[in-house]
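Open the model in your viewer and keep a selection box ready. The stops below go from side-chain pairs to a single helix residue.

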Amino acid sequence: RGGPRRVACIGAGAARVGRHQHGTGHFSRWPGTETYPHLTTYALFGLNEARRAGVKVDVKAVARGLTAMRGWANSSKRTLGPGGESATVAMAAYVLADQGKAEEGLNARLYEARKALPLYGQAFLLRALHAAKADAEKIKTLKAELLAAVKGEGETAMAHETVGGKVTPDSLHYYMSSDVRTSAIVMAALVQVAPKHPVVARLANGLKKARRKFGRWGNTQENLYSLIALADYARDRSKGRAKVTVSLGKKRLIRRNLSGTKVLGYTRALSRLKKGELTIKTNAPVRFSVRLFTARKTSQE
């Protein structure tokens with residue numbers, strides 16, 4: 001999250017999202033088609049992430065969306081039962097609270113119904129309560145329940161999706177849920193509420209381990225929420241300074257002083273490197289990854 005070109009790219013995406021908004025304040029999948037409240041919630045969540053990344057968003061469009069979303073979430077006919085619909089209401093509650101428009105009554109209803117929410121819905125509710133500066137005991141209770149749902153061994157952990165405490169690997173498919181997606185949403189909540197808890201680092205390792213070829217996850221939803229969670233984690237861990245030295249055998253390849261969110265990237269063709277042990281030394285904690293890409297020449301007829 002940073003750099004002029006990246007911010008410009010995110011800004012273009014935010015402007016495109018705005019073209020899907022209707023006069024009612026709600027958003028549709030395509031411009032001019034039917035609106036859906038859950039798309040409004042997703043759109044406002046995305047625009048809020050863009051705002052946090054330093055991108056200017058249309059504040060009037062956001063205000064209209066928040067009004068429409070608040071009306072939907074607070075509808076007297078809306079029941080908070082098991083399933084993805086209630087989780088979307090919890091997501092809406094978080095977006096409202098993070099924009100400084102917390103709904104105390106909505107948060108209270110969601111907290112009372114939290115046992116029926118999918119695990120990722122409970123994570124959004126935790127973020128909503130934290131952003132709203134709600135009762136500390138409620139935040140403590142919900143945080144403990146989320147932590148208890150994270151399972152793993154060694155240095156990795158994941159959160160397995162449940163509804164009402166029951167594992168449901170397929171029942172939330174309609175809402176694009178998965179264990180990777182849920183783990184990322186839970187991790188983002190814990191980064192915000194309990195960033196120094198050791199399970200946060202284990203979740204980060206779990207998400208990285210779940211990546212597929214070329215560093216991707218299984219689908220767009222998993223990519224989105226994993227990148228958000230890992231970016232929040234990196235920003236929290238990037239405070240301070242570190243001296244980094246990369247060597248191959250006895251030869252030093254590069255040395256840099258890093259601070260804040262600065263990133264050191266180093267790429268070389270194998271043909272330009274001699275055999276030897278690759279070492280990375282630092283005088284402070286850093287996060288790093290090493291990747292090897294190979295290609296095969298083919299004859300052309």
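Select Glu103 and Arg70: the two form a salt bridge, with 3.1 Å between the closest N and O atoms. This is a predicted model. The pair links distant parts of the chain, since Glu103 sits in the loop between α4 (84-98) and α5 (104-112) while Arg70 belongs to helix α3 (residues 59-73), 33 residues apart. Colour by accessibility and Arg70 comes out as partly exposed, because its relative accessibility is 23%.

Next, select Asp236 and Lys196. Their closest N and O atoms are 3.5 Å apart, and they form a salt bridge. Asp236 lies in helix α10 (residues 220-237) and Lys196 in the loop between α8 (179-193) and α9 (198-209), so this pair ties together parts that are 40 residues apart in sequence. Which of the two terms, buried or exposed, applies to Asp236? Asp236 is buried, because its relative accessible area of 12% falls under the 20% cut-off. Lys196 is exposed, with a relative accessible area of 60%, where the term requires over 50%.

Keep Asp236 selected and add Arg237. These two also form a salt bridge, their closest N and O atoms being 2.7 Å apart. Arg237 is partly exposed, at a relative accessible area of 29%. Now select Glu49, Arg52, Asp232 and Arg235, which are joined into one network by salt bridges that share partners. The count of salt bridges comes to nine.

Move to helix α2, residues 37-52. Put a distance label on its end C-alpha atoms: they are 23 Å apart. Why does that agree with expectation? At 1.5 Å a residue, the 16 residues of this helix should span 22 Å. The expected value is 1.5 Å times one less than the number of residues. Select the buried residues of α2 as a group: Thr40, Thr41, Tyr42, Ala43, Leu44, Phe45, Leu47, Asn48, Glu49 and Ala50. Glu49, on that list, is also one of the residues in the salt-bridge network. Step past the end of the helix to Gly54, just after α2, and check its backbone: phi is positive, about 95°.

For the last stop, select Asn107 in helix α5. Is Asn107 buried or exposed? Asn107 counts as buried, because its relative accessibility is 5%. Show what surrounds this residue: leaving aside its neighbours within four places in sequence, Asn107 is in contact with Ala93, Ala102, Leu125, Ala128, Leu129 and Ala132.

How values were computed:
Residues are numbered from 1 along each chain as its sequence is written. This is a predicted model: local features need pLDDT of at least 70, side-chain atom pairs count only at pLDDT 80 or more; totals for chains, interfaces and linings use all residues. Side-chain values use heavy atoms; hydrogens and water are left out. Helices (H or I, at least four residues) and strands (E, at least two) are DSSP runs, numbered from the N terminus. Buried means under 20% relative accessible area, exposed over 50%, partly exposed in between (1.4 Å probe, protein chains only). A salt bridge is a side-chain nitrogen of Lys or Arg within 4 Å of a carboxyl oxygen of Asp or Glu. Contact means heavy atoms within 4.5 Å.
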